[in-house]
Amino acid sequence: MKRFAELNEQEILALAISNEDEDNRIYRSFADALRHSYRDTAEMYDKMAEEEIGHHDLLLELYRKKFGDFLPLIRRQNVKGFVERRPIWLNRALGIDAARKFAEEMEYETARFYRRASQSAKDHAVRHLLTRLADDEDKHGKLAQQLGEKITPKVRATEDETARRMFVLQYVQPGLAGLMDGSVSTLAPLFAAAFATHNTWSTFLIGFAAAIGAGISMAFAEAMSDDGSLTGRGAPVVRGAVTGAMTALGGLGHALPYLIPHFYLATTLAFAVVAVELIVISWIRTRYMDTPFLQAAFQVVVGGVLVFAVGILIGSS
């Protein structure tokens, strides 16, 4: 990789042209990804892309006047320390608020880089050009902020509600399903082993195995249940990972106390952890599923108590 200080005027201009072209593509990618659910924000990114094209054309005109038609191939990844951008397919996965913030940061980072480079440039023409580029990027950064502010509160509220529904659909629901399964389904084998053996280490191993096994099973089941193309539930791999991780976490919560060698102390602590888990599940259902807390708590507690009692009865028999 080449240091920025080693670039000549021709390479600096070529790099700036390449940079503006890539930023235009990033904004177009944002617009395309958001157009279905967030039309107004997508139009904002269309306008930002048009600004980058204008900047690109201006730079290209200046380049041709100074160096002719040949444009050397030099990109930001060829220059050490130059502003980096995430690949477009990763940018598309950004949430709406993160994407808005990313647009402002893109312009700010590029302006700062141009300005710092202009301070070390020896050639007057290069220094003048870099300063001009920095000023233009500052204007574009302000434009990004202004375009975001032009979205009316009503439209912003609608987009935020859509984002919330997508978050619930893609993350909260699979995570909650995993947490409920891990917290409830592993109660029976854990406490059956505890009251059958009164051995804390054996109980921990059984609880640990049940939690990890349930996590793997739920992850595959969720990932294979729906590809998300019609339901909007998101990528199967992400959904499966969320469900599996929360399932394992729910099962491990009440297994960890059995690392304590004293059986009754460990069991008392495990009871307390189970109570906390059921309260957390009830709160999540109230917070994101609009279920009254008492109703959610009753449903979860009844199921948990039944499985809990089955485990104790089997282990004590």
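The exercises below deal with aromatic pairs and helix packing in a predicted model.

**Exercise 1.** Classify the aromatic pair formed by Phe195 and Phe263, and state which parts of the chain the pair ties together.

Solution. A pair of aromatic rings is described by the distance of the centres and the angle of the planes. For Phe195 and Phe263 the centres are 5.9 Å apart and the planes stand at 85°. Planes over 60 degrees apart count as edge-to-face, and the pair is therefore edge-to-face. Phe195 belongs to helix α7 (residues 187-197) and Phe263 to helix α10 (residues 263-289), so the pair links parts 68 residues apart in sequence. The model has nine aromatic pairs by this rule.

**Exercise 2.** Decide for Phe195, Phe263 and Tyr258 whether each is buried, partly exposed or exposed.

Solution. Buried means under 20% relative accessible area. Phe195, at 21% relative accessibility, counts as partly exposed. Phe263 has 9% and counts as buried. Tyr258 and Phe263 also form an aromatic pair, a tilted one, with 6.5 Å centre to centre and 45° between the planes. Tyr258 has 0% relative accessibility and counts as buried. Phe195, Tyr258 and Phe263 form one aromatic cluster together with Tyr264.

**Exercise 3.** Check the span of α10 against the value expected for its 27 residues, and list its buried residues.

Solution. At 1.5 Å a residue, α10 should span 39 Å. The end C-alpha atoms of α10 are 38 Å apart, which agrees. Its buried residues are Phe263, Ala266, Thr267, Ala270, Val274, Glu277, Leu278, Ile281, Ser282, Ile284 and Arg285. As background to such a list, an α-helix has 3.6 residues a turn, so residues three or four places apart point the same way.

**Exercise 4.** Describe how α7 packs against α10.

Solution. The two axes come within 12 Å and cross at roughly 165°. Angles over 145 degrees count as roughly antiparallel, so α7 is roughly antiparallel to α10. The crossing of α7 and α10 is left-handed. On the α7 side, Leu187, Phe191, Ala194 and Phe195 make the contact; on the α10 side, Phe263, Thr267, Ala270, Phe271 and Val274 do.

**Exercise 5.** Do the same for α8 and α9.

Solution. Helix α8 (residues 200-225) and helix α9 (residues 236-253) pack at about 160°, with axes 7 Å apart. This angle makes α8 roughly antiparallel to α9. The crossing of α8 and α9 is right-handed. Contact residues of α8 include Phe208, Ala211, Gly215 and Met218, and those of α9 include Pro236, Gly240, Thr243, Gly244 and Gly251.

Conventions
Residues numbered from 1 in each chain as written. Predicted model: local features only at pLDDT ≥ 70, side-chain atom pairs only at ≥ 80, totals over all residues. Heavy atoms only, no water. Phe/Tyr/Trp six-rings, centres within 6.5 Å; stacked < 30°, edge-to-face > 60°. Helix = DSSP H or I, 4+ residues; strand = E, 2+ residues; numbered from the N terminus. Buried < 20%, exposed > 50% of the residue type's maximum accessible area, 1.4 Å probe, protein only. Expected span 1.5 Å × (residues − 1). Axes fitted to C-alpha atoms, helices over the stretch in contact; angles between N-to-C directions. Parallel < 35°, antiparallel > 145°, perpendicular 65-115°, else oblique. Left-handed = near helix turned anticlockwise from the far one by under 90°. Contact = heavy atoms within 4.5 Å.
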